[in-house]
Amino acid sequence: MEFKHKSVLLDETIENLNINPNGIYVDGTLGGGGHAFEVCRRLSDEGRFVGIDQDEAAIAAASQRLAEFKDKVTIIRSNYCNMKEELNKIGITKVDGIVLDLGVSSYQLDEAARGFTYREDDAPLDMRMDQRQELTAKDIVNTYSEMDLYRIIRDYGEDKFAKNIAKHIVSARTIKPIETTGELIDHIKSAIPMKFRAVGGHPAKKTFQAIRIELNQELEVLKNSLDEMIDLLKDEGRICIITFHSLEDRIVKTMYRKNENPCTCPSNFPICVCGNLSKGKVITRKPILPSNEEISENKRSKSAKLRVFERRM
């Protein structure tokens with residue numbers, strides 16, 4: 001299947017990057033290269049772009065899409081949590097802008113063999129962003145304890161039926177290992193009362209999200225990378241992050257605020273004595289949301305939120 005992904009909040013992201021034609025820009029979730037293409041075409045011959053993605057199909061698609069920009073583009077297969085290390089390898093210590101689009105691509109959702117979608121009955125339980133990784137969703141579903149399954153479905157899926165879903169999964173796998181998305185969907189449905197199955201979207205959506213987040217360590221990677229990415233920015237450089245669910249958005253919002261105001265002194269202290277200095281300014285006090293027009297054209301953009309932080313040194 002061809003790698004397809006319609007870039008969400010594209011114009012808003014490019015506008016908020018404040019692109020310097022001679023600058024250095026990094027997309028840590030390169031995908032099919034939608035945001036990347038718009039950045040690259042605004043760069044001069046002196047500008048430079050680095051795209052990072054852990055998905056082999058994304059690397060291939062973006063390489064083809066960005067081929068016309070030739071030497072100004074460097075593409076690296078890695079996780080964005082390794083951004084500083086990867087940039088150091090190619091002689092870059094500071095950048096003018098960073099983009100992260102944390103959504104699962106249309107390709108990953110629509111390609112049944114990847115196992116991300118809850119709308120395919122015969123897909124293997126995979127869900128790996130990086131297929132070099134050994135652990136799969138099947139391993140989580142069949143080896144995690146009931147308590148651990150309950151924890152991730154509750155915390156990462158925010159599903160009020162998490163306890164019952166975990167119980168049903170563990171009970172079912174004692175009879176036969178759960179190997180496909182269809183089997184998992186059936187067990188999830190059986191754990192949710194009939195009157196709740198028809199409301200709030202697909203009954204398996206939250207559990208699939210929870211397993212995917214756990215498998216790919218998505219929230220931990222974001223938490224552990226944000227401070228370092230902000231440190232990579234030059235003065236007045238910006239980081240633009242697009243999230244698609246409340247857990248990610250909460251992390252970005254909190255970490256931006258902490259970097260803007262890191263002071264830990266009690267509020268009644270007349271002056272700051274902790275020595276923690278602000279790294280910059282939150283540009284988006286409220287997140288930028290997709291327009292009604294974009295949502296009508298791309299339903300997957302509905303939950304997207306863009307938040308922007310500017311480095312000040």
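Within helix 7 (residues 146-157) lie both Arg151 and Asp148, 3 residues apart, which is about one turn of the helix; helices here are DSSP runs of H or I with at least four residues, strands are DSSP runs of E with at least two, and both are numbered from the N terminus. The two side chains form a salt bridge whose closest N and O atoms are 3.7 Å apart, a salt bridge being a side-chain nitrogen of Lys or Arg within 4 Å of a carboxyl oxygen of Asp or Glu. Arg151 counts as partly exposed at 28% relative accessibility, and Asp148 counts as partly exposed at 31%, where buried means under 20% relative accessible area, exposed means over 50%, and partly exposed lies in between (1.4 Å probe, protein chains only). Elsewhere, salt bridges that share partners join Glu38, Arg41 and Arg42 into one network.

The model is a predicted one, in which local features need pLDDT of at least 70 and side-chain atom pairs count only at pLDDT 80 or more, while totals for chains, interfaces and linings use all residues. Residues are numbered from 1 along each chain as its sequence is written, and side-chain values use heavy atoms, with hydrogens and water left out.

A search of the whole structure finds 22 salt bridges, and two of them may be described in detail alongside the pair in helix 7. In one, the side chains of Arg77 and Asp130 meet at 3.3 Å, N to O. Because Arg77 lies in strand 3 (residues 73-77) and Asp130 in the loop between helix 5 (106-110) and helix 6 (137-143), this pair ties together parts that are 53 residues apart in sequence. Arg77 is partly exposed, with a relative accessible area of 28%, whereas Asp130 counts as buried at 10% relative accessibility. In the other, Asp96 forms a salt bridge with Lys234, with the closest N and O atoms 3.2 Å apart. This pair links distant parts of the chain, since Asp96 belongs to strand 4 and Lys234 to strand 5, 138 residues apart. Asp96 is buried, with a relative accessible area of 13%, while Lys234 is partly exposed, with a relative accessible area of 30%.

Strand 4 (residues 95-101), which holds Asp96, is mostly covered, as 7 of its 7 residues are buried. The strand pairs in the parallel sense with strand 1 (residues 24-27) over 3 bridges, and strands are said to pair if DSSP finds at least two bridges between them. In this pairing, Val26 stands opposite Ile98 in strand 4. Strand 4 also pairs in the parallel sense with strand 5 (residues 233-243), here over 6 bridges, and Val99 has Cys240 of strand 5 as its bridge partner. Strand 1 is in turn joined to strand 2 by 4 bridges, the two running parallel, and Asp27 has Gly51 in strand 2 as its bridge partner. Strand 2 (residues 48-53) is mostly covered too, with 5 of its 6 residues buried. In a regular strand, side chains alternate between the two faces of the sheet.

The largest nonpolar core has 63 residues, and those with the most contacts inside it are Met83, Val95, Ile98, Leu184, Leu226 and Ile239; such a core is a set of buried Ala, Val, Leu, Ile, Met, Phe, Trp, Tyr and Cys residues joined through side-chain atoms within 4.5 Å. Helix 12 (residues 218-232) gives the most to this core, with 7 residues. Apart from this core lies another, of 23 residues, among them Val73, Val99, Cys240 and Val308. Leu226 touches Ile239, Ile241, Ile251, Val252, Met255 and Tyr256, not counting residues up to four places away in sequence, with contact meaning heavy atoms within 4.5 Å.

At the surface, Phe269, Ile271 and Val273 form a nonpolar patch with about 310 Å² of accessible area together. Ile271 is placed in the loop between helix 13 (246-260) and strand 6 (280-282), and this residue is exposed, with a relative accessible area of 58%. Patches are made of residues with over 30% relative accessible area and no salt bridge, with like charges joined within 9 Å and nonpolar side chains (Val, Leu, Ile, Met, Phe, Trp, Tyr) within 5 Å. Accessible areas come from the Shrake-Rupley method with a 1.4 Å probe, and for residues only the protein chains shown count as cover.

Met313, in the segment after strand 7 (305-311), counts as exposed at 62% relative accessibility. Met313 nevertheless touches Lys94, Leu233, Lys234 and Asp235, not counting residues up to four places away in sequence.
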